[in-house]
Amino acid sequence: MSDAAVVCRELGCGEAVDALGKSHFGSGSGPIWMDDVDCSGSESRLKNCRSPVWGKHDCNETHNSGVICSGARLVLGSRCSGRVEVLHGESWVTVCDADFNQQDAEVVCRELGCGSPVKVLGAAAFGRGEGQVWSEVLQCRGNKSQIHFCPKSSSLKHNCSHDNDVGLVCAGSVRLMNGGSRCAGRVEVLHRGQWGTVCDDYWDMRDAAVVCRELGCGEAIDAPRRARFGSGSGPIWVEYANCAGSESSLKNCRSYDWGRQRCNHDEDAGAVCAEVRLVGRSRCSGRVEVLHGESWVTVCDADFDQQGAEVVCRELGCGSPVEVLGAAAFGRVEGQVWSEELQCRGNKSQIHFCPKSSSLKHNCSHDNDVGLVCADSVRLVDGGHRCAGRVEVFYNRTWRSVCGKNWDIRDAAVVCRELGCGEAVFKNVQFGPRSAWMDDVNCSGSESSVKHCRSAGWVEQICNRLAGVICSGVRLVGRSRCSGRVEVLHGESWVTVCDADFDQQGAEVVCRELGCGSPVEVLGAAAFGRGEGQVWSEELQCRGNKSQIHFCPKSSSLKHNCSHDNDVGLACSGDKRRLVGGPNACSGRVEKLHRNSWLPVCDADFNQQDAEVVCSWELGCGSPVEVLGAAAFGRAEGQMWSEELQCRGNESHMYLCQTSPSLKPNCSHNKDVGLRCSGHTQARLMNGSDSCSGRVELQYLSEWGTVCDVSWDMRAASVLCAQLKCGSSVAVLGSDWFGEGSGRIWADVFDCQGNETHLLKCPISSWSRTACSHKQDAGVICSGSSLASHEGGVRLSGGMECEGEVEVFFRQEWRRVLLDSWSESEASVVCRQLGCGSVLNTSSSSSSSPEHSYMCVTGFNCSGSEAHLRNCSSSQAVNCSSTVQLYITCSGTSNTVHSSIRLVGSGGDCAGRLEVFHSGSWGTVSDELWDIEDAQVVCRQLQCGVALSAPGPARFGSGTGPIWLNEVECEGNEASLWNCRYQLCGEDECGHKDDVGVVCSEYKEIRLTEGCEGNLEVFYNGTWGNVCVNGMTDETAKLICRELNCGRTGSESWSKARVESAPNWLDNVKCRKHDSTLWHCPSSSWGENRCDNRNEVACITSSENGNTLDLTNWLCDSSPHERPCSS
């Protein structure tokens, strides 16, 4: 559905209603351009989705994809409720309420997959639309599948305006069943007119969050599995929901294979949503609102007590209630005030289960909206105040710690934000052991709660390293993080400070706490604007040496008439550390800010841990690459810093490091220390077919950006490929292949030699020196990518197999070769690569392919001994200035007896559609007179054993291009198909629907009987048979899992044969680390075995730690002449 959504968006056709396969709308014609399309659903064009090389596929016209987009939409409500708009030509138009009835409503709800209509609303109930009002009357009968199929007539309401825009509420496409309320229960989705369940494979809180959001049911508080709400019935529509958590509908998640059922109803997923929320401050404090029907309503303070507060805090996972506040303490809202009184006993898990009675306070208004402060679902303990200490989370009614494994500043930032404690200034790890709930927390930094971060799961455990945080109790608001209006955290609120109560020593503490250097200026009279809320009623009495404002003594302010006109502001100098004299902001001489002067540091007083703090935490420059002494970046002037740093390496700012008097008091500027940080902290390839191809993106100073192609070459690309463990670089491409990026463009020139292991080890000659646009974003294909096998490919056109005009597949295009860049060495490689012996002659030829005249390649530099043109030194694309093309003649075919015919479409070399090479191109063979004797010759020529069948017509799919041969008549004993009698197909005489196929006895395939687990079976000599477990190791199991795209690891065990009469084809299979397919592994001869079908057949189980995305994508097929597993 996410693929279909992109198509509908690109066409401006509303949302995707269905994604259909197996040529639902009939077989197409011409080439099949895309296969295995993998869209996230957010792309603007289908071309931007991941897919293998265009034109490469293993399917035929019987598997053409189709899409149904909605011709109607509902706006301003939810996906299933809102103002009705209909697609009219290229525009969305509203519908007059007088022209729309119940039967029309049924069609719209059905088309959107939203169940039945609940209510039709007139008079612009969902707001007035814009543009045209539709001038036709719908005359649906209620049984149509789309509004497009309804009869229409001209409307008689010519004066209908947007005040009459019709609205519609449908029942929805997702529901929760058997949970006691509409916001808890077994997840069911409506698809193709039928309700079905969702499998709990990898089901988690992110998936449940999407369901709760779609139902308008508050936040998710649980994602139960294993049919906790009972087993459903009917289809299991979704196997692996795979939601990011931000989608508006479960149908928008990247779920796989709707309706492909490999689960049972004992695995039905559930969701529990909160039917209460707190609005106004944080997720654990605010105005109480309860879900009543479809609407959120406030609660009267007179109808809400301490026991109700306990249930609300518990339901939201927010600990215990701290305070119940009346009189609209969190602001007045509009809409309904709840007309019932809660009578909770305090032990209920959800507000829904509390008894209720009619409220006696009929005159309660929004002035009486009740508010609630809960203790939060996270807290910091033993740190001296509520914004510092060891992290504890509230779960399953218990507070426990968080394990410190991989705990970093992003995780700390989420905790500080959730607590309303400003920014994280320090993350630390304390020592246990203690009982903990979470381990290996991995936040992106943008989550609203630490509970929403990825982690190893919610399981009680004992940890020796525990996560800790220090948050700032002060912030500067108005200009930047280091200058603005001073606000101090007082209890739960941020308050401003009176300028008469704040002095230079207070300023020093604030700048230090925020890691912003020294105070430059204290500004009174609301210089950064007037704040809101309370002005702090205390006077700070800091001595200047405190690390946080929290530790400063305070006394009652004598300025009782201080107002927001007196809010104090502060400008700090900025970061306390800089690198100067280097080629970029992440390399240079280390200088520390001290009393408004920048002082260099002695190399004897600075080590790797100090470098870690400067690079990673203070400057955001990645990891330290090299600490350089002896004034490597030049000598400074003036005073040296007189202290030695004693950092542990995990401090968020240098000021948190311990210091001691320097051991080298007479250190001179000849010893100024320098530092080189990696700068680019991470690298990735985006929008390619896999992780080893795509647009180059680098992270610098915490920001991702693309790379300008004028600053990028094959040597830098090779280093990046090695860094990403993707082999070497095969091609450098422009944005026309991997699309344009967004955000920053780094114009850094990497002067790599090509043998470095990481980009950070390459010199950078200049930074941001060239103006670039995203039209110049660089892309890379590494040898580890599936695209790499095509790069550097060669073909000879216009001649025979081993003679013709040279074209090279370079940067994902076929390009001709400039004659002046070619020698006999390069020609030798081409002949060897084609299996055509040695080079006899190179000459020039006028191009017979004018469509390639604008695309040329030059610069190949081969020694002549390479096996593939890709192994020669780098080439480049140039504009052609002539049509003179290179022509090569190779010696011939001693080792290519079968290279003029091939079998394609089965996944193996010994079965498929027959194609022959003739007149410079590949074409198919027509099935007229085709029989088993003809197939016998093909199998012999291909060294594929004997012919098992000669299927047709188009059993392996229809081909493309020319149909070369017709009426083939072989005796069966010929050495080559070309020795048989045949006719060349005349124009319009043959069609691809008659393309012939062949299945030979050496055609081999493998499968696991249950998708990614089960008995290992191989197809050989026309029959599926067993593989015996004797001698098999985990190395063989790993290879099988990789070969079937079922992950990277697996294990073997013994089992009983699935079919008792099946032969035992292989025994003593012993795969090695370097084998890439089962057929490379040593084993006994075919059919030779010493195993018992009852208990010695190999059974393989693929690990879930492998490629879990692919793991759900395989459906095994018992057909003997097609791939047993196809995605």
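Of the 1127 residues in the chain, 52% are buried. The model is predicted. Its secondary structure comprises 13 helices and 69 strands. The exposed surface of the chain amounts to about 49,100 Å². Carbon and sulfur atoms supply 45% of that area. Among contacts with a separation of 6 or more, 70% link residues 24 or more positions apart.

Two sites illustrate the local detail. The first is Ser81, which lies in strand β4, spanning residues 81-88. Its relative accessible area is 14%. The cut-off for burial is under 20%, so Ser81 counts as buried. Residues up to four places away in sequence aside, Ser81 touches Leu74, Phe126, Leu168 and Val169. Leu74 precedes the strand in numbering, and Ser81 itself opens β4 at residue 81.

The second site is helix α12, covering residues 1034-1043. Its buried residues are Glu1035, Thr1036, Ala1037, Leu1039, Ile1040 and Cys1041. An α-helix has 3.6 residues a turn, so residues three or four places apart point the same way. Within α12, Glu1035 and Leu1039 are both buried, as are Thr1036 and Ile1040, and Ala1037 and Cys1041.

Strands contribute to the cover over these residues. Among the elements that cover the buried residues of α12 are β62 (1005-1008) and β63 (1013-1020). Strands β65 (1050-1055) and β67 (1097-1102) also belong to this cover. Just after the helix, Asn1045 adopts a positive phi of about 60°.

Terms used
Residues are numbered from 1 along each chain as its sequence is written. This is a predicted model: local features need pLDDT of at least 70, side-chain atom pairs count only at pLDDT 80 or more; totals for chains, interfaces and linings use all residues. Side-chain values use heavy atoms; hydrogens and water are left out. Helices (H or I, at least four residues) and strands (E, at least two) are DSSP runs, numbered from the N terminus. Buried means under 20% relative accessible area, exposed over 50%, partly exposed in between (1.4 Å probe, protein chains only). Contact means heavy atoms within 4.5 Å. Accessible areas come from the Shrake-Rupley method with a 1.4 Å probe; for residues, only the protein chains shown count as cover.
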